[in-house]
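Hi,

Here is the structure I promised to pass on. Have a look at it first, then read my notes below.

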Amino acid sequence: MEEAEEEKKDEADYKRLHTFPLIRHSDMPEEMRVETMELCVTACEKHATNNESAAKMIKETMDKKFGSSWHVVIGEGFGFEITHEVKNLLYMFFGGSLAVCVWKCS
C-alpha cells in the first residue's frame with residue numbers, strides 16, 4: 001500500500017515538474033515574453049489534444065495584440081530554421097516534450 005502511494009507522489013511530482021513552462025530562447029521584451037508564455041500555456045492546456053487549434057489560438061491572439069504576421073509551431077518533434085524580426089521570437093517547452101515556437105516575420 002505504501003508503495004502505491006509513493007508511486008502516485010512521484011507521478012504527481014513528475015507532472016508538476018514537466019507542466020512548468022521552460023523558455024529555451026527568447027529575444028522578446030520581458031512584458032511581451034511573459035504575456036506570450038502565458039498565452040501559450042493557456043492554449044496548450046485548453047487544446048491539449050489538438051496542437052493545430054492551440055497554434056491557431058496563439059496566432060490569432062498575437063496578431064490582434066501585437067500586429068499581424070505571427071507564426072506558431074507546436075509539436076513534439078520538429079526542426080526549424082527561420083528568419084524573424086528582432087525582439088519577436090519565443091521558443092519554449094511545456095508539458096514535458098511539447099515545444100512551442102512563436103515568431104513574427106513580415
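Let's start with T36: is it buried or exposed? Its relative accessibility is 0%, and buried means under 20%, so T36 counts as buried. Keep in mind that this is a predicted model. T36 sits in helix α2. If you skip its neighbours within four places in sequence, T36 is in contact with M28, M62, F66, L90 and V102.

T36 has company in that helix: M32, M37, L39, C40, V41, A43 and C44 of α2 are buried too. An α-helix has 3.6 residues a turn, so residues three or four places apart point the same way. What covers the buried residues of α2? The cover includes β1, α3, β2, β3 and β4. The helix itself (residues 30–46) lies across β1, β2, β3 (89–94) and β4, running at about 40 degrees to β3. A quick check on its length: at 1.5 Å a residue, the 17 residues of α2 should span 24 Å, and the C-alpha atoms at its ends are indeed 24 Å apart, so the two agree.

Now for the sheet. It is open and has four strands in the order β1-β3-β4-β2, paired antiparallel. At the edges are β1 (22–26) and β2 (70–75), each of which pairs on one side only. From one strand to the next, the twist averages 15 degrees.

Strand β4 deserves a closer look. Seven of its seven residues are buried, so β4 is largely enclosed by the rest of the structure. In a regular strand the side chains alternate between the two faces of the sheet. In β4, L98, V100, V102 and K104 point one way, while A99, C101 and W103 point the other way.

On one side, β4 (residues 98–104) runs antiparallel to β2, joined by six bridges. Across that pairing, V72 stands opposite V102 and H71 stands opposite W103. Helix α3 (residues 51–66) packs on the sheet as well, touching β2 and β4, and its direction makes about 155 degrees with that of β2.

β4 also pairs with β3, again antiparallel and over six bridges; here the bridge partner of L89 is W103. These two strands form a hairpin with three residues between them, and G95 in the turn has a positive phi of about 70 degrees.

How far can you trust all this? The protein chain averages a pLDDT of 88, with 82% of the residues scoring at least 70. Among its elements, α3 has the highest mean pLDDT (97) and helix α1 (residues 2–19) the lowest (58).

Cheers

Methods. Residues are numbered from 1 along each chain as its sequence is written. This is a predicted model: local features need pLDDT of at least 70, side-chain atom pairs count only at pLDDT 80 or more; totals for chains, interfaces and linings use all residues. Side-chain values use heavy atoms; hydrogens and water are left out. Two strands pair if DSSP finds at least two bridges between them. Axes are lines fitted to C-alpha atoms, for helices over the stretch in contact, and angles run from 0 to 180 degrees between N-to-C directions. Contact means heavy atoms within 4.5 Å. The expected span of a helix is 1.5 Å times one less than its number of residues. Buried means under 20% relative accessible area, exposed over 50%, partly exposed in between (1.4 Å probe, protein chains only). pLDDT is the predictor's confidence in each residue, from 0 to 100.
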